[in-house]
Amino acid sequence: MTVGFGLIGCGMIANFHARAVADIRGASVVACYDTVPSAADRLAATLGCTAYYGLDTMLADPRIDVVTICTPSGAHMEPAVSAAAAGKHVIVEKPLEVTLSRCDRIIAACARAGVVLSTIFPSRFHESSRLIKNAIDQGRFGRLTIGDAYVKWYRTQQYYDSGAWRGTWKLDGGGALMNQAIHSVDLLLWLMGPVQDLSARTATLAHQRIEVEDVATATLRFANGALGVIEATTAAYPGALKRIEIHGTEGSAVLREEDIITWDFAKKTRADAALLTRMAGKTQTGGGAADPAAIGHHGHTAQFKDVLNAIRHGKKPLIDGPEGRRSVETVLAIYKAAQSGRSVSLPPS
Ligand SMILES: NC(=O)c1ccc[n+]([C@@H]2O[C@H](COP(=O)([O-])OP(=O)(O)OC[C@H]3O[C@@H](n4cnc5c(N)ncnc54)[C@H](O)[C@@H]3O)[C@@H](O)[C@H]2O)c1
């Protein structure tokens, strides 16, 4: 039986969702919806699916089993809650939403309806990320001591001018951190565990007409006692591939986009050298460092497969609602620390 997908919001990332679904046997995009009818028409014509101009009419389509939410970040909640109430499984683009109460309303609506909810974080499905996670779970790093995320990207002024929602608190929810670096925040939390407290600074240095930060730095103490930093910017021309660095008393690994460029342990295995050679040239795109569309869709494909597996077997997907909420909580704590000039503990009281 074919699983029917409905795409909500037909802009840039919806095209990647369509490519990801096309790569999955037994799944197809049957409909799409946008508040701008021409956007829905354009995507529907490309995909050969039905275009809808109203959310309720789309959700009444019985061919749709799963919706993916590709609207601006602060407009994820309304369609997600309606879709859950209509009995559709819900995949939401990152960030899950821009406030914790809006995240919670999505999570509650999906739990109430008994549908699967997943937040998109494709990097977690990359082989390189999973190898590092497995090595941590096996204790190969010894005691984790320091974990860092560096996202030194570049976005032009035209990027921010290309959509009225970009760079606004209400619909983007933040700047370089909430929109771009949140992939790395999610990955760092997955690998290092939750943050206990943090301090931070943010600034808007290179872009006009935006309300939010284009540079951010945070120093972290994780619940396991390790320290770390997050550096995020959209103001570092020409934009570098993002990096995650994990260090412990018995090992170090450095991830540059999908490449593992350091993989060094006190207790070496025979497979280590071959792994480093194999994983050094994995990145096939610009990683979104300078051009938001210079990304692959293979992470989305893997995540959609994980969601279909969860639906089929009544299991939780790897990144469910509460997992998607964690990075939003951390980013909001960074904003609070930067605004107040004080360190902030998590979870917020
Ligand atoms: N995973 C990734 O790598 C990745 C990359 C880019 C964007 N995103 C996320 O995807 C989302 C969309 O980003 P984008 O770059 O595609 O934006 P976009 O501006 O290109 O597209 C958004 C579309 O949503 C439509 N829209 C707005 N409000 C709507 C509503 N209430 N109902 C239905 N349609 C509505 C707009 O008309 C537009 O066509 C954001 O949350 C963003 O953070 C994720």
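Reader: Which label does Arg102 receive, buried or exposed, and what relative accessible area decides the matter?

Author: Arg102 has a relative accessible area of 18%. Buried means under 20%, exposed over 50% and partly exposed in between, with a 1.4 Å probe and protein chains only; Arg102 is therefore buried. This is a predicted model, in which local features need pLDDT of at least 70 and side-chain atom pairs count only at pLDDT 80 or more, while totals for chains, interfaces and linings use all residues. Residues are numbered from 1 along each chain as its sequence is written, and side-chain values use heavy atoms, without hydrogens and water.

Reader: What makes the contact of Glu97 with Arg102 a salt bridge?

Author: The term requires a side-chain nitrogen of Lys or Arg within 4 Å of a carboxyl oxygen of Asp or Glu. The N to O distance between the side chains of Glu97 and Arg102 is 3.1 Å, so the pair satisfies the definition. Glu97 counts as buried too, because its relative accessibility is 0%.

Reader: How do you know that Arg63 and Asp61 belong to the same category of contact, and how does accessibility describe the two residues?

Author: Their closest N and O atoms are 2.7 Å apart, and the pair is a salt bridge. Arg63, at 42% relative accessibility, is partly exposed, whereas Asp61, at 5%, is buried.

Reader: Which label, buried, partly exposed or exposed, applies to Asp264, and which to Lys268?

Author: Asp264 has 43% relative accessibility and so counts as partly exposed. Lys268 has a relative accessible area of 58% and is therefore exposed. The two residues form a salt bridge, with closest N and O atoms 2.7 Å apart. A search of the whole structure gives 21 salt bridges, and Arg124, Asp186, Glu323 and Arg326 are linked in a network of them.

Reader: What makes strands E4 and E5 a pair, and in which sense do they run?

Author: Strands are DSSP runs of E with at least two residues, numbered from the N terminus, and two strands pair if DSSP finds at least two bridges between them. E4 (residues 66-69) and E5 (residues 89-92) share 4 bridges in the parallel sense, so the criterion is met. Val67 stands opposite Val90 in E5. Both strands belong to an open sheet of 6 strands in the order E3-E2-E1-E4-E5-E6, with parallel pairing. Its edge strands are E3 (50-52) and E6 (117-119), each pairing on one side only.

Reader: Which strands pair with E7, and in what sense?

Author: E7 (residues 144-152) pairs with E11 (residues 243-248) in the antiparallel sense over 6 bridges. E7 also pairs with E10 (residues 227-233), in the parallel sense over 5 bridges. Tyr150 stands opposite Arg243 in E11 and opposite Glu231 in E10.

Reader: How many residues surround the ligand, and which are the closest?

Author: There are 22, the closest being Ile13, Asp34, Ser73, His76 and Lys94. A residue is counted if one of its heavy atoms lies within 4 Å of the molecule.

Reader: What makes the approach of Glu93 to the ligand a polar contact?

Author: A polar contact is a pair of N or O atoms within 3.5 Å. A polar side-chain atom of Glu93 lies 2.9 Å from a ligand nitrogen atom, so the condition holds. Two further examples involve ligand oxygen atoms: a backbone N or O atom of Ile13 lies 2.9 Å away from one, and a polar side-chain atom of Ser73 lies 2.9 Å away from one. Taken alone the ligand exposes 850 Å², of which the protein buries 82%; these areas come from the Shrake-Rupley method with a 1.4 Å probe.

How values were computed
A polar contact is a pair of N or O atoms within 3.5 Å; within protein, one must be able to donate a hydrogen and the other to accept it, and residues adjacent in sequence count only if both atoms are side-chain atoms.
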